[in-house]
Amino acid sequence: MAQINVTQFAEQLGLPPALLIEQLQAAGVRKVLTEETPLTERDKSQLLDYLRQAHGAREAKQKITLTRRQTSEIKKADSTTGKARIIQVEVRKKRVLVKREAPEAEAAAEAPRPVLDAEQIALREAEAKKQAELAARQAEDAEKKRRRKEAEAAAEVKLAEEVKPAAAEAAPSHVEGTLHKPAVKPEEKAEKAEKKAKKQVRAVVWRDETVKRRTIKTRGDVTGGLGWRERKARHAAAHKEEGEQQHAFTAPTEPVVREITVPETITVADLAHKMSVKAAELIKTLMKMGTMVTINQVLDQDTAMIVVEEMGHVAKRAKLDEPDAFLAEEQVAAGELKLEPRAPVVTVMGHVDHGKTSLLDYIRRTRVASGEAGGITQHIGAYHVDTPRGTVTFLDTPGHEAFTAMRARGAKVTDIVVLVVAADDGVMPQTVEAIHHAKAARVPIVVALNKIDKPEANPDRIKQDLTAHAVVPEEWGGDTMCVEVSAKTGKGIDSLIERLLLQAEVLELKAPRDAPAKGIVIESKLDKGRGPVATVLVQSGTLKRGDIVLAGAVFGRVRAMLDESGGAIENAGPSIPVEILGLSDVPVAGSEVLVLGDERKAREIALFRQGKYRDVKLAKQQTAKLEDIFEQMAEGQAKTLSLIIKADVQGSYEGLSHALGKLSTGEVKVNIVHAGVGGITESDVNLALASKAVIIGFNARADAAARKLAETSGVDIRYYDVIYDAVDDVKAALSGMLAPERKENVLGMVEVRQIFKISKVGTVAGCYVTEGLVRRSAKVRVVRDHVVIHDGELDSLKRFKDDVREVKAGFECGLSLRNFDDIKVGDQLEAYEVVELARTL
């Protein structure tokens, strides 16, 4: 190991070289000592022994305390000013080394010694000596401080005792104290002074002075600004203690990630508060994401969760603090009820005009199809049929493409789907859609090949087409039953019902009967005489007249129950469709129906759901994205046809809205201002007047007051009972709104043969019509060397001295162009006109 000189050793120990030389000489180092004299390990050991003897540590120490101090800097950006500031962080580490007892030392001696080379051993010894020296010096400093503090405390006590007799002499003998400042006894004063002397340790918290300067001075703020300062002596003492004591602050090295619970709707201000960020930061982030918001705007749950994740926090959907939890509690005991076999629910689906309703008519022996407008089904019908083999509930769905939502609802509540395919027509788009609905609901399919009595029927081709859509008949090795039927002659109907009941047996359909009813709203409408009417399919339990029901956001007491034929019934078991009256409003089709025992609880849940739906709807409507704004700017030229749709049942206006919405293009758009169930009222006419809309009544009529108001205000009301007619009329109206197509029609070519310059007239060209003709009203292009140099209108057209309307090929004429005189001999003039053609969608 390389030797070091006196100066280097003094620097390591933090001593002046002169003092170190004195200590070395006192320790008995026999050398001529200068600042450049090299020191050996023996010299250092000799110095260490001397220092130990000098400080009274002759016996070997059992414990050595090593302390280490590290200072580091952290740069922190201020979120308010944007400037960075440097924070000094000092970390002190203490390590205590204890000498082992004799048995441990013997055990250590017996243990095999680690293999170290001489250089490493020397290094470690040097380090140990250095640490020992440092510990000795620190112990000495600590002892001096302790003695100094004790001397100061004693001086304060002595001063207090000297002041006490002088104060007693100066004060009047009769005054012991005042009301606000009672007299203090001498022993109490001495006790206080002693306590003050003992109170030396104080918790030190890191304080950022720049933050202090920025904060508002408030009365009673013990940690804040510089107003109402402490006394200078106390302030100085505090600073002195801060320098001596170890502080407890550790600066955060990474951003704090919080778990944010997001409810269904939340304002921007509340969300910023939850994340502990400024609302301006949150609004800035939302604007970067393309959403323009204000501080009080309501965000929907999805948007709020996205922005929380964007800002680096963890978003979780909040558990709904809602009355719906009461329903879950009520349904817990349902598993203990006795299950009984129930009738299968069969949905009849297929393409429009393939004979679904006619097939059901034959089964029910009624004539529904002939009563339907246009011979097509536009409502979802529910019937239950008692057959010798058992009861079957049928749902008849529309086949028209507009009624997708109705078919999806039918597939959701059903047990078996009967797919009706016309044997003479084949697999059509709505047939494929019905297959997809059935597969999405995981419902078995039974194929009914209808119209088998027609001579052009080809069942094998139909089966082949179905195989292409993964519906393989049993006879071809698949699992789908195919039955050939005729709704006209009744052929195969019994076989179809038998197959349906067989399939139901395989499914083992069961439901509790003696329990509160549970079902689903298949269809709903607003009847003028009866009020809101809902067609409900009971799925489990028994629905009785007088029960309190909750259907989505609507509640009410069942005042009357009717079966599909209009007869009043008292109760309905599982798989039975009924019409119920007495609800507070028209429920949404597809809503779940529950029977509750408490009307107050039903009202509370219904009102809560209404408010929740409204909040969510408003939050979604308020979200105005930047791209939407640019789209609206681009669509400033687009024309809009505003419509108000009133229908007899909810499914009809759903289907009509869907069909009309698909007619929109980039130039013309259908804007459905309002769609609802029931007749056309005065409020509908007023809304149409305000929004310049056309009212469409689909199986709904206007009352007398609405008709009168519509006539006086000029609002157009159209009535329809077939969806095709409504779609065709709206399509024609949109076609009329389209900008006409402009087409250019070339009339003829003219050759310039001579130029005349006439004062007050300008340049006149003597021309010869080579092709077609030239009209006075036509537009003209000047072509020179096959390049168009001007496109404009004719100013005058003459033959000899007379103005003429047109000049045909083979004749000469004189003409001048409006605002253009640069005509030369040899130029070609192309005469054309622009024709506007009407466009269609």
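This passage walks through selected strand pairings, cysteines, packing contacts and backbone features of a predicted model.

A convenient place to start is strand S38, which spans residues 828–837. Strand S31, covering residues 741–758, pairs with S38 in the antiparallel sense, and 10 bridges link the two. Within this pairing, glycine 748 of the chain has alanine 831 in S38 as its bridge partner. S38 is also joined to strand S33, residues 779–784, again with the strands running antiparallel, here through 5 bridges. Glutamine 828 in S38 is the residue that stands opposite valine 783. S38 thus takes part in pairings with S31 and with S33. As a general point for anyone tracing these strands on screen, side chains in a regular strand alternate between the two faces of the sheet.

Threonine 763 offers a closer look at a single strand residue. Threonine 763 sits in strand S32, which runs over residues 762–775. With a relative accessibility of 5%, threonine 763 counts as buried, because the cut-off is under 20%. The side chain of threonine 763 makes a polar contact of 3.4 Å with the side chain of lysine 757. A polar atom of the threonine 763 side chain also lies 3.4 Å from the backbone oxygen of aspartate 821. Beyond its neighbours within four places in sequence, threonine 763 is in contact with Ile755, Phe756, Lys757, Ser816 and Asp821.

The cysteines are worth a brief pause. How many disulfides does a search of the whole structure find? The search returns 0. A disulfide is a covalent bond between the sulfur atoms of two cysteines. For cysteine 767, the closest cysteine sulfur belongs to cysteine 813, and the separation of 5.2 Å is too far for a bond, because a disulfide needs sulfur atoms within 2.5 Å. The view from cysteine 813 matches this, with the sulfur of cysteine 767 as its closest cysteine sulfur at 5.2 Å. Cysteine 767 is buried, at 3% relative accessibility, and cysteine 813 is buried as well, with a relative accessible area of 7%.

Turning to helices, H10 (residues 279–288) and H11 (residues 301–310) pack with their axes 10 Å apart and at an angle of about 105°. The two helices are therefore roughly perpendicular to each other, because angles of 65 to 115 degrees fall in that class. On the H10 side, Leu282, Thr285 and Leu286 take part in the meeting, while H11 contributes Thr303, Val307 and Glu310.

Three loop residues complete the picture. Most residues other than glycine have a negative phi. Lysine 451, in the loop between strand S15 (445–450) and helix H16 (459–467), has a positive phi of about 60° although it is not a glycine. Serine 575 likewise has a positive phi, near 70°. Serine 575 lies in the loop between strand S23 (571–572) and strand S24 (577–583), where it is buried with a relative accessible area of 1%.

Valine 715 is found in the loop between helix H22 (704–713) and strand S30 (717–720). At 11% relative accessibility, valine 715 counts as buried. The C-alpha atom of valine 715 is 6.9 Å from that of alanine 688, a residue 27 positions away along the chain. Leaving aside neighbours within four places in sequence, the contacts of valine 715 are Val685, Ala688, Leu689, Ala693, Ile695 and Ala710.

Note on methods:
Residues are numbered from 1 along each chain as its sequence is written. This is a predicted model: local features need pLDDT of at least 70, side-chain atom pairs count only at pLDDT 80 or more; totals for chains, interfaces and linings use all residues. Side-chain values use heavy atoms; hydrogens and water are left out. Two strands pair if DSSP finds at least two bridges between them. Helices (H or I, at least four residues) and strands (E, at least two) are DSSP runs, numbered from the N terminus. Buried means under 20% relative accessible area, exposed over 50%, partly exposed in between (1.4 Å probe, protein chains only). A polar contact is a pair of N or O atoms within 3.5 Å; within protein, one must be able to donate a hydrogen and the other to accept it, and residues adjacent in sequence count only if both atoms are side-chain atoms. Contact means heavy atoms within 4.5 Å. Axes are lines fitted to C-alpha atoms, for helices over the stretch in contact, and angles run from 0 to 180 degrees between N-to-C directions. Angles under 35 degrees count as roughly parallel, over 145 as roughly antiparallel, 65 to 115 as roughly perpendicular and the rest as oblique.
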